[in-house]
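Biologist: Hey, could you walk me through this one? I'd like to start with any empty space inside, then go over the strands and helices.
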Amino acid sequence: MDKKKIARIVNAWGIKNFSFKPLKGGMVNENFLIDSDIGKYVLRKLGFLKGLAGLKKELDYLLYLSRSRFKYEVPTPLYTTNNKLFVENAGSVFWLYRYIEGNVKNNVGYNQIGEIAKMTLEYHHLTKLYKKIHVRSATKDPFFKKGIRNFALSLMSKNIVLLERENKQFIKDISKLLLILKELNVPGYESLPTYPIHSDIKCDNLIWKGKKLVGVVDFDNVGRINFPLVKDLATTIQYCCLTKESGYKIDIRLAKHFVEVYRKGSELSDIEVRSIPPLIISNWIDLYLYTYWLIKKKGVSKSNIEKQKTAYAAAMWCNQNASTLAAALL
């Protein structure tokens, strides 16, 4: 997008004089930093995975967190001069929030993971008080078995030509991953209550000032699917509780500390804890498929090939170590 197009959009919020730059990160939505004479903002373009109805639910939820005085900053949507929360332009939808000052840490240690647990605990207390968002419940398709399998089958379509090497590797990998997916099972998981949670609490989405956690961004999953609260714990363990020498092997000490700090303010049932490894495995398989879909759509890139390899290795490692991880967290 060029400056003229962005100028037409941000004018809805009364922003006239500004500079802009695309923000890195995110695989679905587009974000732009707007540095204006009246402040710094993030302009967010609605991605393809969620429609307008879902966005409205997300924005209402973010306003709820702000009104509830959540101790951490979130992307609170701003009203336009016409008292609207978003604008539509050239077939796309945009909304705006004040830029949250701070930094993103690529890796977190023992103390930081404890801070993330405290934030997650407070966040879950608030989300349990929020009125239910009426969307599909993730427990109706436990660990996304049906959804992931259907996604995998759709990617085997011959309609899109891909380099033969990538196709052969995909067929080889996915056959193993789908066998693992088929075996995922935690009796009682289907009965866990579901909520409109973040479900992507990882380093990329956490804002720090020094040693203090000050903000959480990217609530895109809100308004799409409701999850059990333990989904947030699984995602943080998956991405933040990693060994120093690996991009996917879980550091049991960090994961245990994260759960112990969380437990100081909220009970965790055996069903929830035993669900953590399957949720992580399912997440990795889903990411493997998504990166393959990107390769088919946009062509082979080194970045996506590496993401795909990591997702495969991570799913295999977690499957092999699932019992050890669950036992350490119980």
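Modeller: Sure, here is a quick tour of this model, which is predicted.

Biologist: OK, how many cavities of 30 Å³ or more does the structure hold?
Modeller: There are 3 cavities of that size in the structure. The largest cavity has a volume of about 40 Å³.

Biologist: Which residues line the largest cavity?
Modeller: The lining is made up of Arg 44, Glu 58, Leu 62, Pro 75, Trp 95, Tyr 97, Asp 218 and Phe 219. Two elements, helix 2 (52–67) and strand 5 (92–98), give two or more residues each to that lining.

Biologist: And by class, what does the lining of the largest cavity have?
Modeller: It has 5 nonpolar and 3 charged residues, and no polar ones.

Biologist: Let's stay with Arg 44. Is that residue buried or exposed?
Modeller: Arg 44 has a relative accessible area of 7%, and under 20% counts as buried, so Arg 44 is buried. Arg 44 sits in strand 3 (residues 39–45).

Biologist: What does Arg 44 touch, leaving out residues up to four places away in sequence?
Modeller: Its contacts are Asn 29, Glu 30, Asn 31, Val 93, Phe 94, Trp 95, Asp 218 and Asp 220. Arg 44 and Leu 96 are 52 residues apart in sequence, yet their C-alpha atoms are 6.2 Å apart in space.

Biologist: Since Arg 44 is in strand 3, what joins strand 2 to strand 3?
Modeller: Strand 2 and strand 3 run antiparallel and are joined by 7 bridges. The two strands form a hairpin with 2 residues between them, and Ser 36 has Gly 39 in strand 3 as its bridge partner.

Biologist: What about the pairing of strand 1 and strand 2?
Modeller: Strand 1 (residues 18–22) pairs with strand 2 in the antiparallel sense, over 5 bridges. Phe 18 has Ser 36 in strand 2 as its bridge partner. Strand 2 (residues 30–36) is mostly covered, with 5 of its 7 residues buried.

Biologist: Switching strands: why is strand 8 largely enclosed?
Modeller: Strand 8 (residues 212–216) is largely enclosed by the rest of the structure because 4 of its 5 residues are buried. Strand 8 pairs with strand 7 (residues 206–209) in the antiparallel sense over 4 bridges, and Leu 206 stands opposite Val 216 in strand 8.

Biologist: How many residues are between strand 7 and strand 8 in their hairpin?
Modeller: There are 2 residues between them, and Gly 210 in the turn has a positive phi of about 65°.

Biologist: Which residues other than glycine have a positive phi, then?
Modeller: Asn 83, with phi near 65°, is one of them, and Phe 144, with phi near 55°, is another. Most residues other than glycine have a negative phi.

Biologist: Where are those two, and are they buried or exposed?
Modeller: Asn 83 lies in the loop between helix 2 and strand 4 (87–89) and, at 57% relative accessibility, counts as exposed. Phe 144 is in the loop between strand 6 (136–137) and helix 4 (145–155) and is buried, with a relative accessible area of 19%.

Biologist: Last topic, helix 7. What span should its 12 residues have?
Modeller: At 1.5 Å a residue, helix 7 (residues 252–263) should span 16 Å, and its end C-alpha atoms are 16 Å apart, which agrees.

Biologist: Which residues in helix 7 are buried, and what covers them?
Modeller: Leu 254, Ala 255, His 257, Phe 258, Val 259, Val 261 and Tyr 262 are buried. What covers the buried residues includes helix 3 (110–129), helix 6 (230–240) and helix 10 (322–329).

Note on methods
Residues numbered from 1 in each chain as written. Predicted model: local features only at pLDDT ≥ 70, side-chain atom pairs only at ≥ 80, totals over all residues. Heavy atoms only, no water. 1 Å grid on protein atoms, 1.4 Å probe; cavity = no way out; pocket = protein on both sides within 12 Å on 5 of 7 lines; lining within 4 Å. Points joined across faces, edges and corners; volume = space filled by probe spheres on them. Nonpolar A, V, L, I, M, F, W, Y, C, P; charged D, E, K, R; others polar. Buried < 20%, exposed > 50% of the residue type's maximum accessible area, 1.4 Å probe, protein only. Pairing = 2+ DSSP bridges. Expected span 1.5 Å × (residues − 1). Contact = heavy atoms within 4.5 Å.
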